[in-house]
Amino acid sequence: MAKIASAETPTKTDHRQLTMRPRSTVTMKEVSTAKRPKFGAAKKKLSKLDANKPKKPPTAFFYFLEDFRKEFREQNPDVKSMREIGKACGEKWKIMAYEEKVQYYDVATEKRAKFEKALVDYVKKKENGEYDKFDDDPEYDE
């Protein structure tokens, strides 16, 4: 049984006292999996995507990326990894002067203006009810 501790000796827990504790009927594996939701169950349901809605245009960097990939592949045909191409592109973009980037910003600005105009037209048509006939399509209801 447990010994009475004096001031000189440190207290020790008797091994038999530890084995007499009540144990849980749930194993550790069950506890860890019960608290976490499953990977697929944690995803939210996506709302309906409208096929008529205009898509946002890419940024200036992505227009630069298109041109850079072509040049990089011509100069380095042995490099096939998109990771390496992306790293090289990012490094070049960082060191480029604003004057070199202006052409890509201009393209992106033009595309953005077209997108905003198309979005305004889309909203007007949506408010007028031109796209309402597609809302009741049972194929997209889920």
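Colleague: In this predicted model, which polar atom lies 3.1 Å from the backbone oxygen of W93?

Modeller: The partner is a polar atom of the side chain of K101, which lies 3.1 Å from the backbone oxygen of W93. K101 has its place in helix α5, and, not counting residues up to four places away in sequence, K101 touches W93 and M96.

Colleague: Is K101 buried or exposed, and which side chain of opposite charge is nearest?

Modeller: K101 is buried, yet it has no salt bridge, and the nearest side chain of opposite charge, that of E100, is 7.9 Å away. A salt bridge would need the charged atoms to be within 4 Å.

Colleague: How should I read the largest nonpolar core, and which residues have the most contacts inside it?

Modeller: The general idea is that, in soluble globular proteins, nonpolar side chains tend to be buried together. Here the largest nonpolar core has 14 residues, and those with the most contacts inside it are F64, F68, F72, W93 and Y104. The elements that give two or more residues to this core are α3 (60-75), α4 (82-95) and α5 (98-128), and α3 gives the most, with six residues.

Colleague: With which residues is F64 in contact, leaving aside its neighbours within four places in sequence?

Modeller: With those neighbours left aside, F64 is in contact with C89, K92, W93, M96 and Y104.

Colleague: Why does V123 count as partly exposed?

Modeller: V123, which is found in helix α5, counts as partly exposed because its relative accessibility is 36%, and partly exposed covers the range between the 20% and 50% limits. V123 and K53 are 70 residues apart in sequence, while their C-alpha atoms are 8.6 Å apart in space.

Terms used. Residues numbered from 1 in each chain as written. Predicted model: local features only at pLDDT ≥ 70, side-chain atom pairs only at ≥ 80, totals over all residues. Heavy atoms only, no water. Core = buried A, V, L, I, M, F, W, Y, C linked by side-chain atoms within 4.5 Å. Buried < 20%, exposed > 50% of the residue type's maximum accessible area, 1.4 Å probe, protein only. Helix = DSSP H or I, 4+ residues; strand = E, 2+ residues; numbered from the N terminus. Contact = heavy atoms within 4.5 Å. Lys, Arg positive; Asp, Glu negative; His and termini not counted. Polar contact = N/O pair within 3.5 Å; in protein donor to acceptor, adjacent residues only side chain to side chain.
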